[in-house]
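The following exercises are to be worked through with the sequence and the coordinates at hand. Each task is followed by a solution in steps.

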Amino acid sequence: MREPVGSISDLRTAYREGRLSPTDQAERVLDGLASSGGGPVWISTVPAGDLRT
């Protein structure tokens, strides 16, 4: 799994510095969901393909 972003501030900095894109972050979330077995983190999700279009 990819290195997690520690906070919203870290996420904003990574976006601003070009180290991370919204697409990259969506992939991180998808990786996390896959590795957790889809545990009770989210109320609902959308199919991965919908995030990638």
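**Exercise 1. Accessibility and placement of Pro-47**

Task: Determine whether Pro-47 is buried or exposed, and locate it relative to the helices.

Solution. The model is a predicted one. Step 1: the relative accessible area of Pro-47 is 52%. Step 2: the cut-off for an exposed residue is over 50%, so Pro-47 is classed as exposed. Step 3: Pro-47 belongs to the loop that joins α2 (22-36) to α3 (48-51). Step 4: from C-alpha to C-alpha, Pro-47 lies 9.7 Å from Leu-30, with 17 residues separating the two in sequence.

**Exercise 2. Overall architecture and confidence**

Task: State how many helices and strands the protein has, and report the confidence of the model.

Solution. Step 1: the protein contains 3 helices and 0 strands, which gives the pattern α-α-α along the sequence. Step 2: of the 53 residues, 11% are buried. Step 3: the exposed surface amounts to about 4,300 Å², of which carbon and sulfur atoms contribute 55%. Step 4: the mean pLDDT of the protein is 82, with 83% of residues at 70 or more. Step 5: helix α1 (residues 8-16) has the highest confidence, with a mean of 92, and α2 the lowest, with a mean of 84. As a caution in reading such models, coordinates should not be interpreted in detail where pLDDT is low.

**Exercise 3. Geometry and packing of α2**

Task: Compare the span of α2 with the value expected at 1.5 Å a residue, and identify which of its residues are buried.

Solution. Step 1: α2 has 15 residues, and its expected span is therefore 21 Å. Step 2: the C-alpha atoms at its two ends are 21 Å apart, in agreement with that expectation. Step 3: Gln-25, Glu-27 and Leu-30 are the buried residues of α2. Step 4: these buried residues pack against both α1 and α3. Step 5: directly after α2, Gly-37 adopts a positive phi of about 75°.

Asp-24 also lies in helix α2. With a relative accessibility of 35%, Asp-24 is partly exposed. A polar atom of the Asp-24 side chain is 2.9 Å from the backbone nitrogen of Ser-21.

**Exercise 4. Salt bridges**

Task: Find how many salt bridges a search of the whole structure yields, and describe the surroundings of the residues that form them.

Solution. Step 1: the search returns 2 salt bridges. In general, side chains of opposite charge can pair when their charged atoms come close.

Step 2: one salt bridge joins the side chains of Glu-17 and Arg-19, at 2.8 Å from N to O. Both Glu-17 and Arg-19 are exposed.

Step 3: the other salt bridge is between Arg-52 and Glu-27, whose closest N and O atoms are 2.7 Å apart. This pair connects distant parts of the chain, since Arg-52 is in the segment after α3 and Glu-27 in helix α2, 25 residues apart.

Step 4: the accessibility of the two partners is then considered. Arg-52 has a relative accessible area of 51% and is therefore exposed. Glu-27 has a relative accessible area of 19%; the cut-off for burial is under 20%, so Glu-27 counts as buried.

Step 5: the Arg-52 and Glu-27 side chains also qualify as a polar contact, at 2.7 Å. In conclusion, this salt bridge pairs an exposed arginine with a buried glutamate.

Key: Residues numbered from 1 in each chain as written. Predicted model: local features only at pLDDT ≥ 70, side-chain atom pairs only at ≥ 80, totals over all residues. Heavy atoms only, no water. Helix = DSSP H or I, 4+ residues; strand = E, 2+ residues; numbered from the N terminus. Buried < 20%, exposed > 50% of the residue type's maximum accessible area, 1.4 Å probe, protein only. Areas by Shrake-Rupley, 256 points an atom, 1.4 Å probe, with all protein chains shown as cover. Salt bridge = Lys/Arg side-chain N within 4 Å of Asp/Glu carboxyl O. pLDDT = per-residue confidence, 0-100. Expected span 1.5 Å × (residues − 1). Contact = heavy atoms within 4.5 Å. Polar contact = N/O pair within 3.5 Å; in protein donor to acceptor, adjacent residues only side chain to side chain.
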